[in-house]
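Please work through the exercises below with the sequence and the model at hand. Each task is followed by a worked solution.

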Amino acid sequence: MRSAAFSTEANDANESSAVLERAAMLALQYRQSLGARPQLAATYAQMIDVFREATPETGTPGGDVIDDLAHMADAGLQAMAGPRFFGWVIGGSHPVGVAADWLTSAWGQNCGNHHGMPAAAAVEEVAAGWLLDLLDLPRSASVGFVTGATVANVVGLAAARSEVLRRVGWNAETDGLFGAPPIDVVIGEDAHSTIFSALQYLGLGRDRVIRVASDEVGRMRPESFQQAVAGSDRPLIAIAQAGQINTGSFDPFSVIVPQVRARHGWLHIDGAFGLWARACPELRRLTHGLDEADSWATDGHKWLQLPYDSGFAIVRHPHAHKTAMSTLASYLPSAEEGERDPSHLVPELSRRARGFAAWAVIRALGREGIAAMVARHCSIARRMADVLAAEPRITIVNTVELNQFIVRFGIEQGDEASDMLTAHVIEQVQADRICFVGGARWRERWVMRISVISFATTERDADASAQAIIAAWRTIEQREGLA
Ligand SMILES: *Cc1c(COP(=O)(O)O)cnc(C)c1O
């Protein structure tokens, strides 16, 4: 009979070391398989079948649990950290970050306050300074370590909401929003879906917004922005974007900033991945004016290659940031002047000490390494786009300015036929399992999306993947009698 886990016997130091060693070895095997690993084959339904069993009544030895977990999950693990994954916007989980993350788990620090967990809090403070330096944002801004850009957007917009209301004499923290002066929320038509989630969570309303028309690559049109903010003196929150999810485009910040200032408003920028263009000298021009905003959201687990989950909420006005997020309780030590308490800048009290992985990866890559990586991804994206565009009947929809591009197949046959063909090519690429790409709707039409954002992707992977896409397209054209 198996002994119950974590009985005195299982707590034995040897067994606990064995479990950790076993996990490290399995993790290593997985990482080593990534280069050759085909993209996903198993379905959700199959994985439910693998995992579903009755609630365990008795325990199982830890080593067996870890073996079972690795074995059972394997077929359903998407090779997202591998070199030929171009779906959504997915960073590569850099090994140094993963290693620091293992230590983070092993150390078991609750990153709630700076007195109780001094190393975790100090590393966050230092990594926060490095981030501001790399992204060239105001060095006095405050940085909250959150799960991703979604929550970073919530934090930035929570600070915005409180501050624009405070300017008209309303305290949103204590009195809420019922009866508060209405706020104008101005947002581009091609903003990311999670911005609307943030507005939903904050009581600002997903639909209660003023939408600004955008151009063919998703940038807010300057004249439309001007119209949207003209003729009102209500409290204003404007939300702009650095890096549109399909095209990688940037809003015209230098046009937006003075108009928001003129209304004493707050400008928040969603730069989940695009903010990192600022860390790269060749691409900085794309972000012109962006540093004049009041708050920024970005991800650690996208371009910085941190393991999940990691994002940063950056706010120019630390007081507004803290006021919107602070938890007050007698048993929590308060921060002295000059001290940074991690929990004062994020919604959570207890949470993972995310600073360790951020510190480790920034230290491993350095400013030069980060700049080179960002530049390389953009040049790989252009290279893939060029290979695809050289084929007849394959169209790259956007100019490839960053790392994201979208593709359509057979536009000569009309919109509907091209939608169908594009969807079929995406399915075929996924079925061939050499690389992974997804699809999306863009301007009412179906497109293939390609995001080059993993440190693991080489030029060879990009070439093999472009060829795999072309091969899939030829298969579909032949099958549908179009070639
Ligand atoms: C990915 C992304 C988000 C959401 O970030 P999460 O890390 O998934 O929370 C928001 N905005 C943009 C532009 C993104 O690319």
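The exercises that follow concern a predicted model.

**Exercise 1. The ligand shell**

Determine which residues are closest to the ligand and which polar side-chain atoms face its nitrogen and oxygen atoms.

Solution.
1. The ligand is surrounded by 13 residues, the closest being Thr 150, Asp 270, Asp 299, His 301 and Lys 302.
2. Sorted by class, this shell comprises four nonpolar, six polar and three charged residues.
3. A side-chain N or O atom of Asp 270 lies 2.7 Å from a nitrogen atom of the ligand.
4. For His 192, the distance from a side-chain N or O atom to a nitrogen atom of the ligand is 3.4 Å.
5. An oxygen atom of the ligand is 2.8 Å from a polar side-chain atom of Asp 299.
6. Of the 380 Å² of accessible area that the ligand has on its own, the protein covers 85%.

**Exercise 2. A salt bridge between distant parts of the chain**

Locate Asp 190 and Arg 443 in the chain and classify each as buried, partly exposed or exposed.

Solution.
1. The closest N and O atoms of Asp 190 and Arg 443 are 2.9 Å apart, and the two residues form a salt bridge.
2. Asp 190 is in the loop between strand 2 (184-188) and helix 8 (193-201), whereas Arg 443 is in the loop between strand 10 (438-442) and strand 11 (445-451); the partners are 253 residues apart.
3. Asp 190 has a relative accessible area of 12% and is therefore buried, since buried means under 20%.
4. Arg 443 has a relative accessible area of 36% and is therefore partly exposed.

**Exercise 3. A second long-range pair**

Describe the salt bridge of Arg 340 and Glu 124 and the placement of both residues.

Solution.
1. The side chains of Arg 340 and Glu 124 meet in a salt bridge with an N to O distance of 2.8 Å.
2. Arg 340 belongs to the loop between helix 11 (318-325) and helix 12 (355-389), Glu 124 to helix 5 (residues 118-135), and 216 residues separate them along the chain.
3. Both Arg 340 and Glu 124 are buried.
4. The structure holds 30 salt bridges.

**Exercise 4. A nonpolar surface patch**

Which residues make the nonpolar surface patch, and where does Val 50 lie?

Solution.
1. Val 50, Phe 51 and Leu 69 make a nonpolar surface patch of about 240 Å².
2. Val 50 lies in helix 2 (residues 44-51).
3. Val 50 counts as partly exposed because its relative accessibility is 36%.

Conventions:
Residues numbered from 1 in each chain as written. Predicted model: local features only at pLDDT ≥ 70, side-chain atom pairs only at ≥ 80, totals over all residues. Heavy atoms only, no water. Patch = residues over 30% accessible without salt bridge, like charges linked within 9 Å, V, L, I, M, F, W, Y side chains within 5 Å. Areas by Shrake-Rupley, 256 points an atom, 1.4 Å probe, with all protein chains shown as cover. Salt bridge = Lys/Arg side-chain N within 4 Å of Asp/Glu carboxyl O. Helix = DSSP H or I, 4+ residues; strand = E, 2+ residues; numbered from the N terminus. Buried < 20%, exposed > 50% of the residue type's maximum accessible area, 1.4 Å probe, protein only. Near = heavy atom within 4 Å. Polar contact = N/O pair within 3.5 Å; in protein donor to acceptor, adjacent residues only side chain to side chain. Nonpolar A, V, L, I, M, F, W, Y, C, P; charged D, E, K, R; others polar.
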